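Grab a coffee and open the viewer. Below are a few exercises to work through, each with a solution that goes step by step.

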Amino acid sequence: MCGFISIFGPPGSDVIHDVINGLVAIQHRGQDAAGVVAFKDKFQAKKGLGLVREVFQDKHLQRLKGHMAVGHVRYPTVGLGEDTDVQPFWLDYPVGVVMAHNGNVTNFHELKRTYFGERKITLGSNCDLEVVLYVFADALMRRKTASLNIDDVEAGVKEVFEKVKGAYSVCGVTQEGLYAFRDPFGIKPCIFGKKETPDGTFYAVASESVVLDVAGYEIVRDLAAGEMLWIGADRVPQFRQVGKAPHRPCIFEYVYFARPDTFLDGVSVHEARMEMGRRMATRFKETGLKADAVIPVPESARTAAQTMAEGLGLPCREGFVKNRYVGRTFIMPNDKARQATIRAKLNPIRAEFEGKAVIIMDDSIVRGNTSRHMVKIARAMGAAKVYFASYSPPLLYPCLYGIDMATKREFIARDRTDEEIAKELGADAVVYQTVEQMEEAVRASSKTDLKFCKACFEGTYPTGDITEEMLGDIEQDRVAAGSCK
Ligand code: AMP
């Protein structure tokens with residue numbers, strides 16, 4: 001997962017501060033690297049490994065002047081990522097174009113071999129964005145127009161849709177204006193907004209609506225699946241529907257990834273999580289078990305834990321204190337490092353556990369590292385019973401669209417019954433949401449008929465191009481990189 005923002009301000013304006021504020025607002029989408037490319041007479045870049053506030057100092061902001069800029073935060077999907085892979089990428093020639101994306105190109109290796117191999121083009125990075133950029137720029141160049149217009153950009157997007165498979169939301173600028181597009185299935189989010197000022201209108205495209213909120217932009221709308229946006233020199237936003245596949249936004253964004261104060265495809269993430277929590281209360285009642293309190297694993301589970309507790313008539317209590325300065329466990333290179341970091345990250349409050357039957361609630365259980373540790377701590381704190389609740393269903397299949405999860409064999413729920421999972425975690429019981437209830441919850445809060453990409457729960461990949469061989473290759477890559485057992 002990654003996050004992006006692209007801004008097109010009126011001539012003479014500087015957009016760098018809005019870009020940086022926006023990137024900080026979506027830091028949760030990627031903490032591994034950050035970058036900005038701004039345009040004023042020429043493209044100027046600053047990229048680096050680390051958090052936004054670590055990468056950008058005042059001297060960089062002074063240099064990154066201009067009324068157009070693209071920013072990105074990166075979350076590597078496989079391995080640890082290199083600094084050559086930090087986005088945005090740009091080309092000065094044959095067309096000046098900057099690009100950033102969120103997602104994962106599933107035929108990256110194949111394109112490297114065929115499309116690029118045949119043209120004798122060696123890619124400079126291991127980042128799949130590079131293939132999107134070259135395919136796009138190649139199509140623009142072939143049209144050879146002096147100044148880009150919407151037909152040129154549409155030709156580029158069409159070519160990308162034809163050649164590049166997978167999930168990708170893309171945003172960027174050229175020397176003339178701003179463009180954005182969402183892959184044919186619209187798996188990754190992409191939202192468009194604007195800010196009216198006495199100096200003129202600023203336009204922005206971002207991964208999450210919260211970026212627009214913090215930078216003072218109003219939401220115009222989400223891009224539809226397969227849709228493109230172009231704002232050229234006349235500064236009039238123009239949309240075109242290029243792809244024709246059914247819209248299948250990622251449901252895991254609502255479960256875990258997006259900030260609760262974000263709206264994705266018109267749905268409030270906060271509301272969706274509240275609905276998921278309500279359904280978890282029903283699930284728990286069905287088990288006939290009795291508990292004294294619901295305790296969320298911070299942060300994402302807090303919202304759903306509250307409504308689950310309300311539904312059960314129980315208190316919702318903060319039993320774990322999170323040290324936010326400890327790094328993300330999920331992107332640690334191996335299990336040992338992950339487990340050591342979880343211990344440092346979440347510390348318990350004894351009074352919330354001692355002598356009580358507690359339901360510990362998390363958004364998901366992947367490998368079971370976090371949940372196993374939480375259960376162990378709860379018991380050490382004297383809990384009488386420990387039930388573990390996940391407000392998403394069992395994760396069983398790897399995500400090939402950009403969310404780093406695990407390989408098939410790493411998922412704790414793979415080939416295990418709920419009783420076996422509870423035993424593995426050391427819990428008295430484990431209670432999962434069902435796939436139907438999870439979907440229903442997101443739909444209930446949107447009052448729409450959205451259908452989702454649920455590949456990680458059900459193994460059906462909407463793009464239809466995922467083979468067992470690809471899944472096997474990914475597993476091998478991860479084993480070779482030492483990121484799984
Ligand atoms: P695990 O400890 O492997 O079972 O992972 C589950 C924990 O990781 C939960 O606390 C989730 O909030 C979090 N999580 C789930 N999916 C992801 C992801 N793709 N990236 C980072 N963290 C995640």
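## Exercise 1: Helix α9 and its two partners

Helices α9 and α10 are oblique to each other, and that follows from the angle between them. Keep in mind that this is a predicted model.

**Task.** At what angle do α9 and α10 pack, and which residues make the contact?

**Solution.**
- Step 1: α10 covers residues 302-312, and its axis is 7 Å apart from that of α9, at an angle of about 40°.
- Step 2: Angles under 35 degrees would count as roughly parallel and 65 to 115 as roughly perpendicular, so a pair at about 40° is oblique.
- Step 3: The crossing is right-handed.
- Step 4: From α9, the contact takes in His270, Arg273, Met274, Gly277, Arg278, Met280, Ala281, Phe284 and Lys285; α10 brings Thr303, Ala304, Thr307, Met308, Gly311 and Leu312.
- Step 5: Sort these residues by class and you get seven nonpolar, five polar and three charged.

**Task.** Now turn to α14: how do the axes of α9 and α14 cross, and what classes of residue make up the contact?

**Solution.**
- Step 1: Find α9 at residues 269-287 and α14 at residues 435-446; their axes come within 8 Å and cross at roughly 135°.
- Step 2: Over 145 degrees would be roughly antiparallel, so α9 and α14 are oblique.
- Step 3: α9 passes α14 in a right-handed crossing.
- Step 4: On α9, look for Glu271, Ala272, Glu275, Met276, Arg279 and Arg283; on α14, pick out Gln437, Met438, Glu440, Ala441, Val442, Ala444 and Ser445.
- Step 5: The tally for this contact is six nonpolar, two polar and five charged residues.

## Exercise 2: The seven-stranded sheet

**Task.** In what order do the seven strands of the open sheet run, and which are the edge strands?

**Solution.**
- Step 1: Walk across the sheet and you meet β3-β2-β4-β1-β10-β9-β11, with antiparallel pairing.
- Step 2: β3 and β11 (218-222) each pair on one side only, and these are the edge strands.
- Step 3: On average, neighbouring strands here are turned by 15° against each other, direction ignored.
- Step 4: Zoom in on β1 (residues 3-8) and β10 (residues 200-206), an antiparallel pair with four bridges. Phe8 has Tyr203 of β10 as its bridge partner.
- Step 5: Add helix α1 (residues 16-25), which packs on the sheet and touches β1, β2, β4 and β9 (191-197). The direction of α1 makes about 160° with that of β1.

## Exercise 3: The six-stranded sheet

**Task.** Which strands stand at the edges of the six-stranded sheet, and which helix packs on this sheet?

**Solution.**
- Step 1: The order is β5-β6-β7-β8-β12-β13, again an open sheet with antiparallel pairing.
- Step 2: β5 and β13 each have a single partner strand, so one side of each has no neighbour in the sheet.
- Step 3: Helix α6 (residues 150-163) packs on the sheet, touching β7 (166-174), β8, β12 and β13. Its direction makes about 150° with that of β12.
- Step 4: Strand β8 (residues 178-182) runs antiparallel to β12, joined by four bridges, and Phe181 stands opposite Met228 in β12.
- Step 5: On to β12 (residues 227-231) and β13 (residues 237-241): five bridges join this antiparallel pair. Glu227 faces Gln241 of β13.

## Exercise 4: Backbone oddities

**Task.** Which peptide bonds are cis at Pro88 and Pro94, and where do these prolines lie?

**Solution.**
- Step 1: Start from the rule of thumb that most residues other than glycine have a negative phi, and most peptide bonds are trans.
- Step 2: The bond from Gln87 to Pro88 is cis, with omega near -5°; Pro88 is in the loop between β4 (68-74) and β5 (89-91).
- Step 3: The bond from Tyr93 to Pro94 is cis too, with omega near 5°. Pro94 sits in the loop between β5 and β6 (97-105).

**Task.** Is phi of Asp41 positive or negative?

**Solution.**
- Step 1: Phi of Asp41 is positive, near 70°, and Asp41 lies in the loop between β2 (33-40) and β3 (42-49).
- Step 2: Arg235 also takes a positive phi, near 65°, in the hairpin of β12 and β13, where five residues lie between the strands.

Definitions and conventions:
Residues are numbered from 1 along each chain as its sequence is written. This is a predicted model: local features need pLDDT of at least 70, side-chain atom pairs count only at pLDDT 80 or more; totals for chains, interfaces and linings use all residues. Side-chain values use heavy atoms; hydrogens and water are left out. Axes are lines fitted to C-alpha atoms, for helices over the stretch in contact, and angles run from 0 to 180 degrees between N-to-C directions. Helices (H or I, at least four residues) and strands (E, at least two) are DSSP runs, numbered from the N terminus. A crossing is left-handed if the near helix is turned anticlockwise from the far one by less than a right angle, and right-handed if clockwise. Contact means heavy atoms within 4.5 Å. Ala, Val, Leu, Ile, Met, Phe, Trp, Tyr, Cys and Pro count as nonpolar, Asp, Glu, Lys and Arg as charged, and the others, Gly among them, as polar. Two strands pair if DSSP finds at least two bridges between them.
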